[in-house]
Amino acid sequence: MLNKGLPAACLMLMLFLFAMAHGVKGDASFSVLEEMKRGYVIGNIGKDLELNVKDLSARKARIDAEGNRKRFCDINLGTGELTVAEIMDRETLCKEKLSCVLKFELVLENPLELHKITLHIQDINDNSPVFPKEVIKLDIRESAIKGARFRMSEAHDADTGQNAVQNYMLERNRNFILAATSNQDGGKNIELVLDKELDREQQEDITLTLTAVDGGNPPRSGTVNIHVTVLDANDNAPLFTEKVYRATLPENSPVGTLVLKVSATDLDEGINGEVTYDFSRASSSTKQAFTLDTKTGEITVSGPTDFEEESIHEMRVEGKDGFGLSTDTKVIVELKDVNDNIPEIFLKSLNSHIPENAPPGTEIGIINVQDRDSESNGEVHCVIGSNVPFKLVPSIKKYYSIITTSELDREVKSDYNITITASDQGTPSLSSSKIVHLMVADVNDNPPAFRQQSYSAHITENNKPGSSICSVSATDADWRQNGTVNYALYPGDVDGTPVSSLLSINGDTGAILAARSFDYEKLQSFKVQVIARDNGSPPLSSNVTVSVSVADENDNTPQMLYPAPDGNSLMTEMVPKAVQANSLVSKVIAVDADSGQNSWLSYHILKASDSGLFTIGIHSGEITTQRDISENDGMKQNLIVSVKDNGQPPLSATCTVYLLISDNLAEIPELKDMSQDTGSKLTTYLIIALVSVSTFFLTFVIIILAVKFCHRRKPRLLFDGAVAIPSAYLPPNYADVDGTGTLRSVRSNYNYDAYMTTGSRTSDFKFVRSYNDGTLPADLTLRKTSSQDPFGPCDETDSSQVK
């Protein structure tokens, strides 16, 4: 509720000044009785300032006390009520001031808003009147006339207004009455008036009781005893030279510093003119700060004098002569402020974790700077340390906002220690500093980064599923879950095979494992994409290519192309008897599906009919004669050849090469029998043909055609055709990689032509002729032409078969 007691002009001036201040939306004034318990509701600040109660908590509404005072009230964020936070004693807070006012500030953030709160502390009658002395002693001459007045020290009540001292009462007696009048200071002049002359012979000592009563409800009172000693006459009371003594003293003056000297004179002589001084009225803090010399009237510093605690000390000094007549005067000591308080920095609000993506100009905190000194000594300038992306912006009164000046990057700098320095304008200037620690909160703004631009891995074929291939690693500069990286294989396929059936990856470690056993002959290399994804929101990811090469293992035996392996071929080579030493007679051709040194083949003769007749090239497989062929050499020569690769351990295959040493086919016994059978069959056919022609022309034509057809189908010689070496044939699983295999060995630089007639057993045989076209003529070798080969299996040595 607004204070209705303020004059209208003063109220208008205050409202104008507050409206001129930036951010001050309005003020409120409340009254509360002192000594109220904690939690007592003073008023509803939300309603008085027309604030939305729902916004109080969100805007961090709070009560801040001016200066270094305690926060005696608080705000209920749920209801907007202003409540008592600490018990308030008006006499402690405001001492003898007639008006006791506490000032607070209601601070709201987002945006920063300030409201002045004035709290008037109302006095209750909780203090009784107290006289400065327990006993008042008066020495009065018996010659004193009726109506003589004797001044009394008034009682002091810490309460104010109606609760202060209102009335005095004197115990009934025969000689004195009490007279009380108001003075200019608002107090009372208390005088003991002689109503009936004294008679020392009748009563030498008189004891009276003076009672002071306040105006509280119920009233409180205090008493003092007045002890009157009847003496001889004393005509004059002391008189002070000044009605009011004033002095100015710098605060914190050392003990013993002379403040001023009061002086009173008495026109009487002797003991009646001797004046002594004493405090007739002074607060406890004044008595602690100053001492009065009872004889000289000098007031000196005896304790701490603090301008910020009490800037003006008022006291009354009594001058009293030797026989009890007294008077008093007022002494006012004004303390002068010196720059003895350093500025203080109060952190009112702070967002200690700033998102790194906060835009420049973001408010992160509010500070309040206070200096208990006054005037220029209390004017404070506040600055922030350099080389930080923050600055201070003056906001309201002595409030500053801490705002960002540029973008933050937690990965570059994760925290800041900001030094804020406040300096006053005093001489010499005093300053203080406060360090504010700020953390930059992480935002998921960095994708995972692989340590390598690409990865290469090698694995040997025939590996076990689950074998480790390689490991990828990615780092994320972000923090905690934003920097936690998980790995996965990018979905896809390799030649129609899903990646997941080839590899697997550990999502936490990035270890890549084989999901199957690889076969080099089927898959030599492939590439996959690995994705690294963080756990931010939203997540960020990156990928990398992993190239996997399958290393060959010697798991394939050499494959025989020519001649066929043992038991699968009846191919026979004819060697003229006139062949000389070092002549090429045949060649073994083999390939190996492996690669590299695993496919390097070497040829060896394991067994031969005549070990000294033929030799084989260890790398070429060419079979040549070691010497000239003689008449003593057998016609049929068999060579068992081993082809071995260069792997570890080496693998090998064998074949049998059949050679016939002869210049004429007729020399072969098997061929002679076949010629006789063939001639008889032809004669039969001719007879049948002639009969058929004579019987029926058409039948003759058909028979002739049939005979010709049969002639083509029936072999007149064993070697009716030629077995071509299939240079384009490759065994299963064979692969030739970069020319390192054995495919080229299929093609020979040597070819063989055989020239024979269809009906002569003595046909000529033409031996070796070299070709450069790299092919083998179709009539080079012997080939099995019927399902029942007359030679039988190649590995048999029956004398009835051609070797």
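## Contacts of F518 and the nonpolar cores

Contact here means that heavy atoms lie within 4.5 Å of each other. In this predicted model, and with residues up to four places away in sequence not counted, F518 touches I459, E461, N462, N463, I469, L502, L503, L523, F526 and V550. F518 also belongs to the largest nonpolar core, which has 29 residues and in which L503, F518 and V546 touch the most other members. Two or more residues of this core come from each of the elements β33, β34 (468-471), β36, β39 (503-505), β40 (511-514), β41 and β42. A second core, separate from this one, consists of 27 residues, among them F72, V84, L93 and F104. In soluble globular proteins, nonpolar side chains tend to be buried together.

## The four-stranded sheet

An open sheet of 4 strands is arranged in the order β33-β42-β41-β36, and its pairing is mixed. Its edges are formed by β33 (454-460) and β36 (485-489), each of which pairs on one side only. On average, and with direction ignored, neighbouring strands of this sheet are turned by 30° against each other.

Within the sheet, strand β41 (residues 525-534) and strand β42 (residues 541-551) run antiparallel and are joined by 9 bridges. F526, which is listed among the contacts of F518, has V548 in β42 as its bridge partner.

## Strand β16 and its partner

Strand β16 (residues 244-250) presents two faces, a covered one with Y245, A247 and L249 and an uncovered one with V244, R246, T248 and P250. In a regular strand the side chains alternate between the two faces of the sheet. The strand runs parallel to β23 (residues 326-336), to which 7 bridges join β16; P250, from the uncovered face, stands opposite K336 in β23.

## The surroundings of T625

T625 is located in strand β49, which covers residues 622-625. Because its relative accessible area is 0%, T625 counts as buried, the cut-off for that class being under 20%. With neighbours within four places in sequence left aside, the residues in contact with T625 are V579, Q580, A581, N582, S583, V585, L613 and F614.

## Aromatic rings and charges

The model contains 5 aromatic pairs under the distance rule applied to ring centres. Charged side chains are also placed over rings: K413 lies over the face of Y416, at 5.4 Å from the ring centre, while R480 lies over the face of W479, at 4.1 Å from the ring centre.

Notes
Residues numbered from 1 in each chain as written. Predicted model: local features only at pLDDT ≥ 70, side-chain atom pairs only at ≥ 80, totals over all residues. Heavy atoms only, no water. Phe/Tyr/Trp six-rings, centres within 6.5 Å; stacked < 30°, edge-to-face > 60°. Lys NZ or Arg CZ within 6 Å of the ring centre and 35° of its normal. Buried < 20%, exposed > 50% of the residue type's maximum accessible area, 1.4 Å probe, protein only. Pairing = 2+ DSSP bridges. Axes fitted to C-alpha atoms, helices over the stretch in contact; angles between N-to-C directions. Core = buried A, V, L, I, M, F, W, Y, C linked by side-chain atoms within 4.5 Å.
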